[in-house]
Amino acid sequence: MDVLLAPDSSGVQAGVLGSPTERASLSWDELAVRADGEWAEARWVWPDTASLYPPLLARGVRVPRCLDLRLTRTILDRIEPGDVVPVWLERREETEGTLLDLPRVEATLDDLAAEVADQARRIAQVRDPERLRLLCAAESAGALIAAEMRADGMPWSRARHDEILADRLGPRPPAGFRPREMDRLATEIADLLQAPRLNLDSPVALLKALRRAGLSVESTSKWELRRLDHPVVEPLLAYKSLARLLAANGWAWLDAWVAPGREDRADRFRTDYVPGGVVTGRWATSGGGALQIPKSVRGAVVADPGWRLVVADAAQIEPRVLAAMARDVALATAGRGDLYQGLVDSGVVDTRDHAKIGMLSALYGGTSGEAGLLLPRLKRAYPKAVGYVDRAAADGERGQVVRTWLGRTSPPPGSAWREVQDRAGQGDASDSDERRARSQARDWGRFTRNFVVQGTAAEWALCWMAGLRRRLEALAPVGGSTSLAPGRGRPHLVFFLHDEIVVHTPAEVAEHVRDLVVEAAESAGRLMFGTFPITFPLDVAIVETYDQAG
C-alpha cells in the first residue's frame, strides 16, 4: 500500500494511492496515529523527505519505506528531462528553506499521484528498469536515514570536547581573542620572522614575511612549508593545525552544532546531510562538517551509559565495485582480502604503496610519475577493469554522458565546453585552441572515468545502509522501550561518511549488531551484482568512544 502525503496550511492531506475515497485532511498528531496503526507497513509517497519526515519523527514515528518524488525526479531528469516540471516542484524551489522547513507548496494528492505514474512510466522505458528502480528505492531510503540521524543525533560529550580543545588550545578565550597556545605560537613566529605586526591569518601577509626572511616559497601550504629548512617551520605548522581545529570544530562549532542533553538523553551532534547532494550520488552536508569529523575531536563522540558505538569501515570500495561492474574475476580474486596486498601477491606490482598508486591512477586517470609506470601493469593484469574506466573516459572526452551501475547519469559538459571543442574542430583553429580543447576533453574524461566508479560505490553504500536499517528496525526495543529516546530504544545509525558508518547500540546487543553490519554489506553486494564473486570486507570495532576505533 502506498500512502500519498501532501502538506496543507493546517497539517497534511493524506490518502491511499489508487483509492480516491480513502483521503483525509489530518493534523500531524492524527497522521502519527495512523502511521503507527493502519498505515504502519505502508510505503509513504511525498514530495520531500527532508521536510515531511521530521514532524513524524518528532512524534516517535518511523516509516518503513518511502518514495521521495524530488530525489527520484532528479535522477530521471538527468537521464532525460521531463516534458513538464510539476507545479509543486517549481514552487518548492522558489521557497527553498532549511531542511526542517515544511515545504510551502500547493500540491494536491492528484498532483502527486500523477507524478508517481509519470515516474513509473519513465523508469519502464530505460534499458534496465530493475536497476533504476533499485537506485530510486535506495535513494529514498537514504533520505529516511539522513532525517533519522538528524533526529536521533550522534552522541557527543560537550564536556569532553571542551577538554580536548583546552588541552590543545588552552582555556576558552573571550570572543575576538586568540586561544592561549595560538597566541604563544604567533609571538614565536613573529619573532623568528622579525615581523612584530604579522597577521598570521592572512596568507598574503604571511607569504610576504616568509620571503622577507629569505625563504623561497610560492605559497603557505603545509606541503611547501615542510620543504623549508628554517626554525619557523615547526611552530608555523603547529599554528596552522590549531587554527584549522579552532575554525572547523572549535567552541563556536560546539555551541552551534552540539545540542545540550535533555532528561532522557545526553548531548547530541545534529548532522545535516543532503542525500544525493553531489552529482555522483554521494551525500553533501548543509553545515556542521558531518562529512569530516577529524581524529583530533573523535574522542568527544561518546556512547551513552550502557551503550556502545559499532564503527564499520568498508575497505577499498571503488576498486571492488569496478571489478564487479567490469566482471573482472582476476581483480575480484585479488580483492578477497586486502585488495592492494592482493595485487602484490599476484605479482602485478612489488609493494602495497605501488598497488595503491596504480589503482588510483586507473580510477582517476593519473598518467604522470609513478602512476604512468604502474598503469600499464594493471592494464595487462586486469584488462576488463581498466578497459571499463578507459571507455568511460573516452565517452567523456567526446562530450557523452556515462552511467553508474544502477543508472545514475553524469551531467553533460556545459555550453562553454562545447564551444571550445567546436572551435577546435574548425579548419582554421589555432594551435592554442586545439591545445585547450584537448586539455579540456581530458579533464572531462577524468571526471566521467571516476563518475561511474564513485557513483556505483555510493549506490552500494546506500544499499548497505538501507539493508542495515531494515535489520535494526526488526530488533525489539531494549527493555521494551518505545519512548522518544534515540532510535526508540533500538540500535540506530548515527553517522555516515562515504564508506564508513557508526551505529549507536545498547551494549548487550553490540556483538549482534556487528554481525548485522557485516551481513548487510554482503547482502548489498549480492543485491547489486548478483552472483559475481566480489567481496566487501569490513573493519568493525565495538567501542565506547569514536577515537578508539582507530
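## Strand pairing and the four-stranded sheet

Two strands are taken to pair if DSSP finds at least two bridges between them, and in this predicted model that criterion applies to strand β11, residues 307-314, which is joined to β14 by six bridges, the two strands running antiparallel. Within this pairing, Leu309 is the residue that stands opposite Val543 in β14.

The pair belongs to an open sheet of four strands, whose order is β12-β13-β11-β14 and whose pairing is antiparallel. Its edges are formed by β12, residues 492-497, and by β14, residues 538-543, each of which pairs on one side only. From one strand to the next, the twist averages 20°. Helix α21, which covers residues 510-529, packs on this sheet and touches β11, β13 (500-506) and β14, while the direction of the helix makes about 160° with that of β14.

## Two residues with positive phi around α13

The loop between β11 and α13, a helix that spans 317-326, contains Gln316, a residue that has a positive phi of about 50° although it is not a glycine. Buried residues are those under 20% relative accessible area, and Gln316, at 14% relative accessibility, therefore counts as buried.

In the loop between α13 and α14 (329-334) lies Arg327, which also is not a glycine and has a positive phi of about 55°. Is Arg327 buried or exposed? With a relative accessible area of 31%, Arg327 is partly exposed.

## The N-terminal strands

Strand β1, residues 2-7, pairs with β2 in the antiparallel sense over five bridges, and the two strands form a hairpin with four residues between them. One of the bridge partnerships here is that of Leu4 with Gly15 in β2.

Strand β2, residues 12-16, is mostly covered, since four of its five residues are buried. Besides its pairing with β1, strand β2 is joined by four bridges to strand β3, residues 23-26, and these two strands run antiparallel; the bridge partner of Gln13 in β3 is Ser25. The hairpin of β2 and β3 has six residues between the strands, and in this hairpin Gly18 takes a positive phi near 90°.

## A three-stranded sheet

A further open sheet has three strands in the order β6-β8-β7, again with antiparallel pairing. Strands β6 (154-155) and β7 (258-259) are its edge strands, each pairing on one side only. Two bridges join β7 to strand β8, residues 268-269, and these strands run antiparallel; in this pairing Ala259 stands opposite Arg268 in β8.

## Helix α5 and its buried face

Helix α5, residues 109-124, has 16 residues and reaches 23 Å from its first C-alpha to its last, which is close to the 22 Å expected at 1.5 Å a residue. The buried residues of α5 are Leu109, Leu112, Glu115, Val116, Gln119, Arg122 and Ile123. How are these buried residues arranged when α5 is seen down its axis? They fall within an arc of 150°, so they line one face of the helix.

## Helix pairs that cross

Two packed helices are described by the angle between their axes and the distance between the axes. For helix α1, residues 28-35, and helix α2, residues 49-57, the packing angle is about 80° and the axes are 9 Å apart. Angles of 65 to 115 degrees count as roughly perpendicular, and α1 and α2 are therefore roughly perpendicular to each other. Their contact is made by Trp28, Leu31 and Ala32 of α1 together with Leu52, Pro55 and Leu56 of α2.

The axes of helix α16, residues 352-364, and helix α17, residues 369-381, come within 8 Å and cross at roughly 85°, which makes α16 roughly perpendicular to α17. On the side of α16 the contact is made by His354, Ile357, Gly358, Met359, Ser361 and Ala362, and on the side of α17 by Glu370, Ala371, Leu374, Leu375 and Leu378.

Conventions. Residues numbered from 1 in each chain as written. Predicted model: local features only at pLDDT ≥ 70, side-chain atom pairs only at ≥ 80, totals over all residues. Heavy atoms only, no water. Axes fitted to C-alpha atoms, helices over the stretch in contact; angles between N-to-C directions. Contact = heavy atoms within 4.5 Å. Expected span 1.5 Å × (residues − 1). Buried < 20%, exposed > 50% of the residue type's maximum accessible area, 1.4 Å probe, protein only. Arc of directions from axis to C-beta. Parallel < 35°, antiparallel > 145°, perpendicular 65-115°, else oblique.
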